[in-house]
Amino acid sequence: MYANNFPKKRYKHTLDFLKQHIAPTETILDLGVENPLSELLKTEGYTVSNTSGEDLDVNTNTLETDTSDVVTAFEIFEHLVSPFTVLKNIKAEKLVASIPLRLWFATAYRSKTDPRDRHFHEFESWQFDWLLEKAGWKIIATEKWTNPTKKIGFRPLLRWFTPRYYIVYAERI
């Protein structure tokens, strides 16, 4: 997916946040297929299994039968038509989820070649918080960070100051 161009800053923030809230002894179900971030978590001592690429909007069987302590969802919920259904069906007591934030100066992301690589939702942090709370989660900790680029222009300048990513640690109510 990233072809030797990993989002190092996002991975570092994500790993640091996860380490603050989740012990390596806790088992993790990571929503989405195995990826470089789930592999990184394994090298850090976490026991991680992944979903197998099923469309979680229509098939939540894995969520309903999984016995992991924690569910992680890194950059997943923006791709779902109904993230509420997924959040309601998670059986784990802990959730760590990150999303790209809606940027007022950019349109929603849409790959023209991969129909699964599109954002149905472009969340603001308050919207994601509300979604979690309505789905039965209590937010314990959050963090935001920017994603500066080395390009020239108005939008790249705004990316130095505008938070791009939002991560949440929540527990089932």
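Helices (H or I, at least four residues) and strands (E, at least two) are DSSP runs here, numbered from the N terminus. What you have open is a predicted model, where local features need pLDDT of at least 70, side-chain atom pairs count only at pLDDT 80 or more, and totals for chains, interfaces and linings use all residues. Residues are numbered from 1 along each chain as its sequence is written, and side-chain values use heavy atoms, with hydrogens and water left out.

**Stop 1: a loop residue.** Select Ala 135, in the loop between helix 5 (125-134) and strand 5. Buried or exposed? Ala 135 counts as buried because its relative accessibility is 0%; the cut-offs are under 20% relative accessible area for buried, over 50% for exposed, and partly exposed in between (1.4 Å probe, protein chains only). Leaving aside neighbours within four places in sequence, Ala 135 is in contact (heavy atoms within 4.5 Å) with Phe 84, Leu 87, Lys 88 and Arg 172. Add Ile 173 to the selection: 38 residues separate Ala 135 from Ile 173 in sequence, and 9.4 Å in space, C-alpha to C-alpha.

**Stop 2: the sheet.** Now show the strands. They form an open sheet of 6, in the order 2-1-3-4-6-5, with mixed pairing; two strands pair if DSSP finds at least two bridges between them. Strand 2 (47-50) and strand 5 (137-145) are the edges, each with a single partner strand, so one side of each has no neighbour in the sheet. From one strand to the next, the twist averages 20°; axes are lines fitted to C-alpha atoms, for helices over the stretch in contact, and angles run from 0 to 180 degrees between N-to-C directions.

Zoom in on strand 4 (residues 94-100) and strand 6 (residues 165-172), an antiparallel pair joined by 7 bridges. Pick Ser 98 and you'll find Ile 167 of strand 6 opposite. Next, bring up helix 1 (residues 8-21), which packs on the sheet and touches strand 1 (27-30), strand 3 (70-74), strand 4, strand 5 and strand 6. Its direction makes about 145° with that of strand 5.

**Stop 3: the strand 2 edge.** Strand 1 and strand 2 pair in the parallel sense over 4 bridges, with Leu 29 opposite Ser 49 in strand 2. Color strand 2 by face: Val 48 and Asn 50 are on the covered one, Thr 47 and Ser 49 on the uncovered one. Then show helix 2 (residues 36-43), lying across strand 1, strand 2 and strand 3 and running at about 160° to strand 2.
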